[in-house]
Structure formats: C-alpha cells, structure tokens
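Thanks for sharing this one. Here are some friendly notes on the metal sites, best read with the model open beside you.

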Amino acid sequence: MAVKMRMKGAILPGNSTVELKEFDVPKPGYGQVVIKTKATTICGSDIRCIYREHTGKGAEGYIPGMIAGHEPCGLIVEEGEGLRRFKKGDRVIVYHISGCGVCNDCRRGYYISCTSKFRAAYGWQRNGGMGEYILADEKDLIALPDELSYKDGAQVACGFGTVYEAIEKIGISGNDAVLVTGLGPVGLATLMLCKALGANQLIGVEMNDYRIELAKKLGLVTEVFKPGDDTLDKIIEATGGRGVEKAIDCSASDPGRQLAIRATHSYGKIAFVGEGGTCSFNPSPDIIHGQKTIYGSWVTSLWRMEELVDRLVRWKIHPDELITHEFSIDDAGEAYALMASGQCGKVAVIFGDQDEK
Ligand SMILES: [Zn+2]
Ligand SMILES: [Zn+2]
C-alpha cells in the first residue's frame with residue numbers, strides 16, 4: 001500500500017472537455033485522512049453544472065482547477081493526527097460535502113445545506129474523487145460494509161443517498177404503486193430502492209430508448225411509457241383508474257413534474273429530486289382538491305447515508321448493477337462525454353484493484 005508522491009487528477013475546464021493533470025499526493029492534516037481512490041461515479045450535476053459550462057455561482061460554484069468528482073469511494077492509506085473512529089485500511093465513502101460541522105444544518109447531518117464559509121464540496125470547491133488520492137476530513141466519511149463494492153459505495157455518496165432521502169420523506173412500502181419520471185441513473189436508483197422497500201407496481205416514464213431497455217433488463221419496472229399526450233391516461237389505466245400513491249420526479253422537466261403531480265391520486269405524495277428548470281400546475285385541481293403533498297428533497301444527511309449502506313446489505317442489492325460503462329482515469333474524457341450523451345446507465349471511473357482491502 002505504498003503511497004506515491006505524484007498523482008493524476010481530472011479537472012473540468014467547462015467546455016465539454018476533461019483535462020488530466022499531475023498533482024502532489026496530499027498529506028493529511030489534523031482530523032484528516034488520505035484515501036486511495038477506488039471508484040468515482042459521474043453525477044448528472046457534474047455534467048449540468050461543470051462539464052458543459054460552469055453554471056454554478058457563488059459559494060456552490062465549481063472552482064476552476066479543482067479535481068472533479070463528488071461520488072468517491074476508496075481505501076484509507078494515511079492517517080492524520082487526532083482521528084477518532086476511522087483508521088488506515090478502512091474502506092470508506094466520502095459524503096460529498098464537507099460542512100462546517102457546527103451550524104444547525106450540520107448538526108442535523110445535512111452538510112449539504114450548510115451555508116458557512118467553511119463549507120466545501122468535494123469535486124467543486126475542494127479536490128474530489130477524479131484523482132488517484134483524496135484528502136478527506138474524517139467527519140465526512142461513511143464506513144463501507146464488506147458486503148458492498150467500492151462501485152456500490154461511490155453511488156451512495158450522492159445519487160443513491162439523494163434518492164433514499166426523497167423516498168424516506170414520502171414513505172414507500174408494498175402499499176404503493178410508484179411512478180418515477182426520468183430514468184437516468186437517479187431514476188433507476190429510485191426504482192431499485194422502491195422495489196427493495198416492497199413497492200410492486202413500478203411505473204417509469206422515459207424518452208431515451210437505451211434507458212428504457214436498461215430499466216426493463218434490470219427488472220426495475222412493471223410498466224414503462226414514453227412521454228406523450230396519452231401518458232397520464234396510460235398510468236391511470238395501469239393503476240385500475242386510480243393513479244399512483246407515490247411519485248418521484250427525476251426528470252427535472254416541467255412535463256415530467258406535471259405528470260408526477262397529476263398521476264398521483266388523492267392523499268398521495270410527490271417528491272421532486274431532479275434539479276433545475278421550472279414547474280407549472282394548477283393548484284386547485286392538481287393538488288388542493290386531491291389533498292396531495294409535494295416534497296422537495298436535496299441530497300441526504302450523514303446518518304441517513306449510514307442507514308442506507310446498512311439497508312443495502314440487508315436487502316442484498318447492489319447499486320453497481322446500474323453501472324453500464326467503466327473507464328480508467330486516463331480515459332476520463334470519454335467517461336464524461338458518454339455521460340453527457342445520455343446513452344448509458346451509470347458511468348464509473350475505476351482505479352486499480354477493486355478487491356484491495
Ligand atoms: Zn451529485
Ligand atoms: Zn455547517
């Protein structure tokens with residue numbers, strides 16, 4: 001487990017290219033560790049907010065030159081002073097935002113919502129997982145159980161954590177017919193977790209043929225429809241004239257969100273996970289008269305991420321099944337370009353021996 005002196009890392013200049021650069025391997029400070037990266041998956045927000053162009057502004061914007069990647073998982077290879085729980089040889093997920101740790105949001109575990117000047121997200125304002133090593137704060141780590149692969153863990157760091165938070169907010173069980181609008185990696189993750197929670201009617205709406213076929217192949221949908229004028233009618237019909245109990249929008253589109261609202265029957269719950277865009281609906285017929293509730297959900301908390309890895313083990317399911325393409329760091333450019341094309345499931349950059357412990 002020798003630590004190198006120099007390492008490769010990928011940065012995103014913002015013109016749909018990836019630049020590979022050499023960096024010094026970091027040294028851990030007090031309360032920090034150095035992680036040998038094993039797998040980093042690419043998130044939709046990497047494409048939307050950084051890869052194509054740097055759209056994020058202010059404290060949440062990407063700082064040019066930072067090593068990208070906010071879904072990292074790896075092995076601790078060096079310890080700083082003052083560690084309290086984790087040690088060399090531990091397999092860990094990095095919760096992708098390092099909060100200040102002492103504000104109210106951080107104390108709730110929602111580092112994502114921290115507004116302190118000390119907040120920094122990995123892959124955005126501090127170096128992330130698209131490098132051979134990651135400098136991380138111990139407080140940002142989630143233990144990766146032996147039963148899960150590094151590729152499973154990488155997806156928990158953002159995508160699966162985000163989905164788990166949303167479906168726990170609206171509550172999913174075998175009582176529910178569930179609609180998921182948008183079957184990119186986040187939508188597919190939603191279906192995988194809803195299925196594990198016992199939902200046995202899983203309806204997907206997606207326009208991309210590749211992703212429709214992937215959802216079917218993975219056995220994650222009972223019905224899947226392409227968006228069109230009659231999609232709402234088809235969902236109502238497929239649910240015996242009632243509509244679904246729960247809907248999760250992962251499309252981030254106005255029509256997708258409208259469909260999620262209107263296909264949910266009275267007293268049902270809807271969660272919005274997909275970011276950006278807008279949504280127009282008619283409050284009285286669409287939500288008020290049906291007594292429906294719409295939840296916004298953003299990433300997750302530290303404790304719920306810990307709970308999720310525990311549940312993945314209990315349910316014996318593996319997020320890495322959603323990975324359709326793997327690349328080495330040398331081919332990170334191809335990895336981002338493929339993710340941007342949408343002709344894929346989840347895309348991962350993997351580093352070396354995946355069985356190293
Ligand atoms: Zn993300
Ligand atoms: Zn904070």
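1. How are the donor residues of the zinc ion (ligand 2) spaced in sequence? The pattern is C-x2-C-x2-C-x7-C. Please keep in mind that this is a predicted model.

2. The four letters of that pattern can be put to names: C100, C103, C106 and C114 each offer their SG atom to the zinc ion (ligand 2). These donors lie 2.3 to 2.4 Å from the metal.

3. On geometry, the angles among the 4 donor atoms run from 104 to 115°, and the site of the zinc ion (ligand 2) is tetrahedral. For reference, the ideal angle for four tetrahedral donors is 109.5 degrees.

4. C103 sits in the loop between β6 (97–98) and α2 (104–107), while C114 sits in the loop between α2 and β7 (120–121), so this pair ties together parts that are 11 residues apart in sequence. C103 is partly exposed, at 22% relative accessibility, whereas C114 is buried at 3%.

5. Now to the zinc ion (ligand 1). Its protein donors are C43 (SG), H70 (NE2) and C158 (SG), at 2.0 to 2.3 Å. Their spacing in sequence reads C-x26-H-x87-C.

6. C43 belongs to the loop between β3 (32–41) and α1 (44–51), and H70 to the loop between α1 and β4 (72–79); the pair therefore ties together parts that are 27 residues apart in sequence. C43 is buried, with a relative accessible area of 8%, and H70 is buried too, at 1%.

Definitions and conventions
Residues are numbered from 1 along each chain as its sequence is written. Chains are lettered from A and ligands numbered from 1 in the order in which they are written. This is a predicted model: local features need pLDDT of at least 70, side-chain atom pairs count only at pLDDT 80 or more; totals for chains, interfaces and linings use all residues. Side-chain values use heavy atoms; hydrogens and water are left out. Donors are N, O and S atoms within 2.8 Å of the metal (3.2 Å for Na, K and Ca); water is not among the atoms, so sites may look incomplete. Helices (H or I, at least four residues) and strands (E, at least two) are DSSP runs, numbered from the N terminus. Buried means under 20% relative accessible area, exposed over 50%, partly exposed in between (1.4 Å probe, protein chains only). Four donors count as tetrahedral if all angles lie between 85 and 135 degrees; four count as square planar and six as octahedral if opposite donors are over 155 degrees apart and all others between 65 and 115; anything else is irregular.
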